[in-house]
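Here's a quick briefing to read with the model open beside you. It starts with the overall fold, then goes through helix packing and a handful of individual residues.

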Amino acid sequence: MAKAAEKAARSSVWLEGKAHRRRGGGQPSGLDRDRIIEVTVRLLDAEGLPKFSMRRLAGELNVTAMSVYWYVDTKDDLLELALDKVMGEMRLPDPDAGEDWRDQVRALAREYRTLLVRHSWVSALVGVFLNIGPNNLAFSRVVQRVVRRTGLPVKRMTSTISAVFQFVYGYGTLEGHLASRATAGGMSVDEYFQQALDTVTAAPQAAEVLQESREIMAARGGDTVAEMLERDFEFALELLIAGIEAMVTREAEASGAEEAPEAPEATGTPGES
């Protein structure tokens, strides 16, 4: 059990040169790793993670499964490569550009959300691998450098990163699932959303909650699901940024109180010169 856990914790296509290793023997004609990864991403986008298999990939490439294994040792290695590939789609701000950290946090959050929605399979893989590919590391490095610029002490960095990017992860994951369900049903997101509301309306036990939800959605505004989701995301992101600003002030005040020298002890009697 311990050995299995240790192996899982250390396993990565990016370790020991596996990301670039080729097996011995002749190279399959008309095939290369970039094309394999490109088709893998396309299949994952179109059919989802549960339906993906090396046999299905080989069929799409019009080669044998063994031809694919000439480039990657395992299916997990290929999924890890595909994950890092799409992580490279995010446009990362330059922490040294002199921009306000708030704008850079917004930019990073929006890019991550877009990635999770565009590739709904990504959220299921993010926590599976060590995430040490070059694009994953580039994203993590920029996030850390931007959060350092908020003014929070280093001991608060991981909590701050978690607050922002776990929120984005959850929001983007649910939004991606919504889009996938709509596509699977041959509907637009708006059509699927309306069908879901109609279905829930038929459940008596949900009537009260649904009525309150309708009032909340009406107050929120937005003619389409996309508009509603956008407004919610942006306001929630602003809440998080405002929270960071408030905590910067609180941490500074707490630090100042700790460092302030004690007032000298009074001597003599009041009024004595």
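The protein chain has 12 helices and 0 strands, so reading from the N terminus you get α-α-α-α-α-α-α-α-α-α-α-α. Keep in mind that this is a predicted model. Its mean pLDDT is 87, with 86% of residues at 70 or more.

**Overall picture**

- Of the 273 residues in the protein chain, 34% count as buried.
- Take the contacts in the protein chain with a separation of 6 or more: residues 24 or more positions apart account for 71% of them.
- The mean pLDDT of 87 doesn't hold everywhere. Over residues 263–273 the pLDDT is below 50, and this stretch has 0 contacts in the model beyond near neighbours in sequence.

**α6 against α9**

- Helix α6 covers residues 101–118, and its axis comes within 8 Å of the α9 axis, crossing at roughly 30 degrees.
- Angles under 35 degrees count as roughly parallel, and that is how α6 runs relative to α9.
- The crossing of α6 past α9 is right-handed.
- On the α6 side, the contact uses Val 105, Leu 108, Ala 109, Tyr 112, Arg 113, Leu 116 and Val 117.
- From α9, the partners are Val 164, Phe 165, Val 168, Tyr 169, Tyr 171, Gly 172, Thr 173, Glu 175 and Gly 176.
- Sorted by class, the contact of α6 with α9 comes to 11 nonpolar, 3 polar and 2 charged residues.

**α8 against α9**

- Helix α8 (residues 134–148) also meets helix α9 (residues 157–184): their axes come within 10 Å and cross at roughly 115 degrees.
- The range from 65 to 115 degrees counts as roughly perpendicular, and α8 is placed in that class relative to α9.
- This crossing of α8 and α9 is right-handed.
- Phe 139, Val 143, Gln 144, Val 147 and Arg 148 are the α8 residues involved, and they meet Met 157, Thr 160, Ile 161 and Phe 165 of α9.
- Here the split is 6 nonpolar, 2 polar and 1 charged.
- Phe 165 is worth clicking on: this α9 residue is in the contact with α8 and also in the contact with α6.

**α10 against α11**

- Helix α10 (residues 189–201) packs on helix α11 (residues 207–220) at an angle of about 150 degrees, and the axes are 11 Å apart.
- Over 145 degrees counts as roughly antiparallel, which is the class for α10 with α11.
- Phe 193, Leu 197, Val 200 and Thr 201 from α10 make this contact with Leu 210, Arg 214 and Met 217 from α11.
- Those residues divide into 5 nonpolar, 1 polar and 1 charged.

**Around Ser 123 and Leu 174**

- Ser 123 sits in helix α7, which spans residues 122–126.
- Is Ser 123 buried or exposed? Its relative accessibility is 6%, so it counts as buried; the cut-off for that is under 20%.
- Leaving out residues up to four places away in sequence, Ser 123 touches Leu 116, Tyr 169, Thr 173 and His 177.
- Three of those partners will look familiar: Leu 116 turns up on the α6 side of the contact with α9, and Tyr 169 and Thr 173 on the α9 side.
- Leu 174 is in helix α9 too, yet at 61% relative accessibility this leucine counts as exposed.
- The C-alpha atoms of Leu 174 and Ser 120 are separated by 8.9 Å, with the two positions 54 residues apart along the chain counted as their separation.

**Loops and the α3–α4 region**

- Asn 62 has phi near 60 degrees, a positive value in a residue other than glycine.
- You'll find Asn 62 in the loop between α3 (54–61) and α4 (65–69), where it counts as exposed at 70% relative accessibility.
- Asn 131 shows a positive phi as well, near 55 degrees, and lies in the loop between α7 and α8.
- Met 66 belongs to helix α4 and is exposed, with a relative accessible area of 58%.
- Met 66 and Arg 55 are 11 residues apart along the chain, and their C-alpha atoms are separated by 9.3 Å.

Terms used:
Residues are numbered from 1 along each chain as its sequence is written. This is a predicted model: local features need pLDDT of at least 70, side-chain atom pairs count only at pLDDT 80 or more; totals for chains, interfaces and linings use all residues. Side-chain values use heavy atoms; hydrogens and water are left out. pLDDT is the predictor's confidence in each residue, from 0 to 100. Contact means heavy atoms within 4.5 Å. Helices (H or I, at least four residues) and strands (E, at least two) are DSSP runs, numbered from the N terminus. Buried means under 20% relative accessible area, exposed over 50%, partly exposed in between (1.4 Å probe, protein chains only). Axes are lines fitted to C-alpha atoms, for helices over the stretch in contact, and angles run from 0 to 180 degrees between N-to-C directions. A crossing is left-handed if the near helix is turned anticlockwise from the far one by less than a right angle, and right-handed if clockwise. Ala, Val, Leu, Ile, Met, Phe, Trp, Tyr, Cys and Pro count as nonpolar, Asp, Glu, Lys and Arg as charged, and the others, Gly among them, as polar.
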